[in-house]
Structure formats: C-alpha cells, structure tokens
Amino acid sequence: MGKKAVSAGALLLLSVFLMAAGCGSREQSDSSYQTAFPEPVYDWGKSTGETLVIWGIYPEMERSYIVKAFERYRSLTGNELEVVQIPKEEFEEKLFGAVEGETERPDILLSYGGTNIDIYDPDENFYDFTEAGWVEDLTDTAINQAVYNGKIIGLPHWEASVSGTIYNKEIFRKYHLEVPRTQEEFLQTCETLKNYGVIPLYMPGKEISMLLYQFPLDSVVEDISVLEGLNDGSLGYADIPQMEQIVMWYRIMAEKEYLGDNYMEDDWNGMNEAMESGRYAMMLCWDTWLYTDFEGDASRFGLMPAFMGVPEEGTFEGPNLGMFLVNKNSERLDAALNFITFLADPYNYNAAFEGIYTAPVFKNQIASISTPQYLEAESVIERHFHDSIAWLRIRGFSQMDASCILEFMESGSGMTAQDCLRNMDRLRAERMQENPVR
C-alpha cells in the first residue's frame with residue numbers, strides 16, 4: 001500500500017499543471033489527466049493470480065465508472081474479481097450472517113458509511129485506512145463520508161451530486177419569476193405558478209424515500225448537541241422546534257395544492273415525464289439526475305436551494321458516497337489492500353470517471369465533469385451547502401419514516417405535527433433497539 005516516492009519538484013510541477021488544467025469547476029472533462037498522471041502514483045502491483053470477492057447491493061456495482069474501474073483492475077493486474085450483487089432487502093441479513101461467521105465473508109464490501117454500518121461492528125471487522133497515503137487526496141466531503149469512530153474506514157469511490165430543487169428555467173422566464181431567496185418567497189412562487197395553471201412541485205409520494213426530509217434536517221443536526229441528543233435518546237424529533245416547521249411545510253404544500261392532485265400516487269417512474277412535460281415547474285432532486293436518468297434536455301433546468309421550512313434561505317445537500325471497505329480478517333488481505341490502492345490512484349480513478357457528471361471525490365480528480373447546473377449556481381451553493389449528516393450520523397434514521405409525514409399531509413387525517421413527530425420517534429427508537437451499536 002506504500003506510496004511511490006515523488007520528489008518535491010515533481011509535486012510542484014504537478015500542482016502547477018493541475019492549476020493550469022483547471023482542477024476546480026469544469027464544463028468539460030479534462031483528458032489531459034493522461035499527461036498529468038502518465039504512470040501510477042502508488043504501488044499496487046504486489047499480487048497476481050488472486051481472486052477477490054466483492055459484495056454490494058444490486059445494482060450498485062453496475063454503475064459505469066465502477067464497471068470501468070473493475071475492468072481496468074483485471075487488465076492491469078491479472079487478478080480476478082468475483083462480484084456478488086445482493087438484493088437490497090436481503091443485504092443486511094446476509095452481511096450480518098457473514099460477520100457472525102455463519103457464511104464466508106467477502107474480501108471487500110461496497111456500502112455507505114456512518115450509522116449504516118453500525119451493526120457490522122466496523123472496529124472489529126473493517127480495515128483502518130487512516131494512515132493510507134491516499135487519504136490526503138480525498139476532498140473534505142469525501143472524508144466526512146469515510147470517517148467512523150475517528151478512523152478512515154473505507155475508500156469513497158462514487159459520483160458526488162449536489163441536491164436541492166431543480167427548476168424549469170423556461171417556465172420561470174415565461175412567467176417572469178425570480179429564483180426565490182427565502183421560504184416565504186418560495187411559497188409565493190408556488191402560488192404564482194398555481195395561478196398560471198402550472199403545478200409548482202413534483203413530489204412522488206408513492207416513493208416514500210423521495211420526500212427527502214433529510215435535506216432540511218441536515219442543517220438542524222449540524223448543532224452537535226442536537227445530534228448527540230438524538231443519538232443518546234435525550235432528544236426526539238418532537239423536542240426540536242425546527243422539525244415541526246419541516247413537517248408543517250409538507251402539510252402546507254399539500255393543502256395549498258402545490259403538489260398537484262395525484263402526489264400520493266406519483267412515483268419515481270413519473271419523474272422523467274413530469275419534468276419533460278412542462279406541467280410541473282420544480283422537483284426536489286440532485287443535479288446529476290438530469291444526466292443519469294432524465295431523458296429530456298437537461299439545459300432547460302437550473303438548480304436552486306431546497307426550501308422546506310428550514311433553514312430560512314434554503315439548503316443544498318452534499319452527496320452520500322458509496323465506499324469500498326476491506327474485511328481486515330480476510331485471508332487475501334494484502335490483495336484486497338492493493339485493490340483499494342489501485343482504485344485510489346489518480347492514474348486509475350481519472351480513467352474510470354472520465355466524462356462522468358460529478359463533483360470530485362478526490363482532489364486530483366480532473367477527468368470528470370461538473371454539471372452546468374452546479375456551475376451556474378456555484379456561489380449560492382457555497383453559501384447554503386450542508387454535508388449529508390442526518391442520513392449518515394443519526395442513529396436509526398430512515399427515509400421511510402417519511403410515511404408519517406405523508407399521513408400527516410392527508411386532508412382529514414386528524415394528526416397534529418406533534419403526533420407526526422412522535423410517530424417518527426417511535427419508529428426510529430424501534431430500529432435503534434433492533435440494531436444496537438456494539
């Protein structure tokens with residue numbers, strides 16, 4: 001895993017080159033990475049003839065940059081990868097069984113970090129990469145995703161999106177609408193759109209996880225006392241005033257018909273048609289969706305903050321990054337560590353991410369592309385950006401608890417905001433009890 005010796009002069013020349021090439025925001029991919037990194041930076045050629053077993057949730061390992069990285073690894077090292085993709089609903093039980101010794105463990109795991117791996121006893125089962133040479137190449141956002149109990153627990157290797165509200169710029173121009181700057185201005189914009197016969201926001205309520213209540217919650221749990229209170233049980237959602245503002249936002253959006261008549265039946269499959277049709281003006285989403293899933297003209301859309309009750313000037317959420325973790329008890333540990341070093345080498349990751357729409361995960365990631373939406377809103381994003389904290393750091397957090405919010409939104413439900421939050425607290429508490437931290 002050792003880093004190749006690189007002279008100070010070579011590092012200086014490389015830094016100058018990257019600055020000239022545009023190491024920050026880019027509208028097009030930078031194929032000059034082949035000049036910047038003509039040979040490997042790290043030593044990962046230490047093993048041959050090995051077969052590593054990698055587990056992940058289906059279909060995560062079918063992402064184009066992962067497929068490309070795996071093929072490159074096979075080609076350059078002569079080693080083989082046995083890729084096992086497990087249905088999401090079976091993954092946790094299967095991996096827990098492996099951790100308990102009931103089945104053979106994988107050498108490498110593709111997973112999200114934070115509280116998502118609590119039940120797998122990471123300190124006992126996953127390799128600590130804190131001293132790895134590539135750690136200093138990770139962006140701050142990537143490090144935030146990789147830290148567990150103060151250690152770097154895995155290598156982030158994923159596309160990094162920025163989430164907020166995508167909006168139809170043509171509709172905004174047609175009705176002379178400015179991008180809102182406050183919660184009140186957002187609601188006024190929704191009312192204007194409704195009066196013109198345009199449904200303000202597409203919200204696929206049938207896809208409960210797409211209510212995305214973590215967007216505003218991220219800003220709330222930046223207060224470490226709130227996060228610690230939620231995790232030690234001294235606080236619940238019902239005790240946090242901002243949470244009442246958040247769930248009330250959903251209720252207001254439904255009561256004022258800003259989500260249309262069919263939001264309860266709208267789902268993921270309808271997102272493309274909704275945005276393409278022009279019947280809807282906005283949708284809570286991430287910028288890269290316009291290039292990975294949307295079939296229409298992405299240039300028609302911009303990115304603005306998510307105005308969901310709090311914070312007052314809206315919020316953008318940083319990415320949730322998949323990362324590769326290594327079973328530190330693997331019989332093929334050395335080969336597994338070499339695989340991670342291979343993925344972390346700019347010689348390799350730039351080839352894998354070439355032409356992919358993503359913000360960089362690595363500081364030397366110069367071959368990927370920043371979305372035009374990000375570039376256009378970059379100064380606003382810098383002011384109102386929040387790392388993904390709720391989904392990553394709140395014990396027992398689940399996007400599916402938005403089912404309580406959906407029930408609260410229904411006319412005639414008879415629920416209060418406090419009822420809704422207490423129901424969410426109950427579901428989270430049950431989950432924490434089922435999956436205690438070891």
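In this predicted model, the buried residues of helix α4 pack against three strands, β1 (51-57), β2 (80-86) and β3 (108-111), and against one helix, α5 (122-125). The residues of α4 that are buried include Phe 91, Leu 95 and Gly 97, along with the neighbouring pair Ala 98 and Val 99. The helix itself covers residues 88-99, and its length can be checked with simple arithmetic: at 1.5 Å a residue, its 12 residues should span 16 Å, and the end C-alpha atoms are 17 Å apart, which agrees. After α4 comes Gly 101, with a positive phi near 85°.

Stepping back from α4 to the whole chain, the model contains 20 helices and 14 strands. The radius of gyration is 23 Å, close to the 22 Å that the globule rule gives for 438 residues, so the chain is as compact as a globular protein of that length. The C-alpha trace spans about 65 × 50 × 35 Å along its principal axes.

How much of the chain is buried? Of the 438 residues, 53% fall in the buried class. Contacts can also be sorted by sequence distance: among those with a separation of 6 or more, 78% link residues 24 or more positions apart.

As for the surface, the accessible area of the chain comes to about 18800 Å², and carbon and sulfur atoms contribute 47% of that area. The side chains include 33 positive and 71 negative ones. The centres of these two sets of charges lie 1 Å apart.

Definitions and conventions:
Residues are numbered from 1 along each chain as its sequence is written. This is a predicted model: local features need pLDDT of at least 70, side-chain atom pairs count only at pLDDT 80 or more; totals for chains, interfaces and linings use all residues. Side-chain values use heavy atoms; hydrogens and water are left out. Helices (H or I, at least four residues) and strands (E, at least two) are DSSP runs, numbered from the N terminus. The radius of gyration is taken over C-alpha atoms; the globule rule is 2.2 Å times the number of residues to the power 0.38. Buried means under 20% relative accessible area, exposed over 50%, partly exposed in between (1.4 Å probe, protein chains only). Contact means heavy atoms within 4.5 Å. Accessible areas come from the Shrake-Rupley method with a 1.4 Å probe; for residues, only the protein chains shown count as cover. Lys and Arg count as positive and Asp and Glu as negative; His and the chain ends are not counted. The place of a charge is taken as NZ of Lys, CZ of Arg, CG of Asp or CD of Glu. The expected span of a helix is 1.5 Å times one less than its number of residues.
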